[in-house]
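Work through these short exercises with the structure in view. Try each task before you read its solution.

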Amino acid sequence: MYFLWYLLLGLVAGWIANLIVKGNGSGLLINLIVGIIGGLLGGWMLSLFGLVPVGTIGSLVTAIIGAIVLLWIVALIRHPETKKKK
């Protein structure tokens, strides 16, 4: 049952991060993948500062932070030729 809860948290975190970074959602599967990887990345990043997320809200905020960082990294890697044209 917890597995489904983590999937739902990942989906919500990916959706919110996509809204913050791009302004619109990217689809169910992409949001889920971004949210799950963002949760891992966010947990790792916060642990570097000695912070530990507590509860559902803490896990959601951590996943959103990680997903935003992940989307920024992907945008930097994905669009280098776009920056040269401007």
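The exercises below use a predicted model.

**Exercise 1.** Check whether the span of α2 agrees with its 21 residues.

*Solution.* Start with the rule: the expected span is 1.5 Å times one less than the number of residues. For the 21 residues of α2, that gives 30 Å. Now look at the ends. The end C-alpha atoms of α2 are 30 Å apart, so the two values agree.

**Exercise 2.** Repeat the check for α3, residues 55-78.

*Solution.* Count first: α3 has 24 residues. The expected value is 34 Å. From first C-alpha to last, α3 reaches 34 Å, close to that expectation.

**Exercise 3.** Find what covers the buried residues of α2 and of α3.

*Solution.* Take α2. Its buried residues include Asn31, Val34 and Gly35. Among what covers the buried residues of α2 are α1 and α3. Next, take α3. Gly58, Leu60 and Thr62 are among its buried residues. The buried residues of α3 pack against α1 (2-21) and α2 (28-48).

**Exercise 4.** Which helix gives the largest share of the largest nonpolar core?

*Solution.* List the members. The core has 11 residues, including Leu9, Ala13, Val34, Leu60 and Leu71. Both α1 and α3 supply at least two residues each. The largest share, seven residues, comes from α3.

**Exercise 5.** Which residues does Leu70 touch, leaving out those up to four places away in sequence?

*Solution.* Place Leu70 first: Leu70 is buried in α3 and belongs to the largest nonpolar core. Then read off its contacts. Leu70 touches Val34, Ile37, Gly38 and Leu41. Of these, Val34 is also a core member.

Technical notes:
Residues numbered from 1 in each chain as written. Predicted model: local features only at pLDDT ≥ 70, side-chain atom pairs only at ≥ 80, totals over all residues. Heavy atoms only, no water. Helix = DSSP H or I, 4+ residues; strand = E, 2+ residues; numbered from the N terminus. Buried < 20%, exposed > 50% of the residue type's maximum accessible area, 1.4 Å probe, protein only. Contact = heavy atoms within 4.5 Å. Core = buried A, V, L, I, M, F, W, Y, C linked by side-chain atoms within 4.5 Å.
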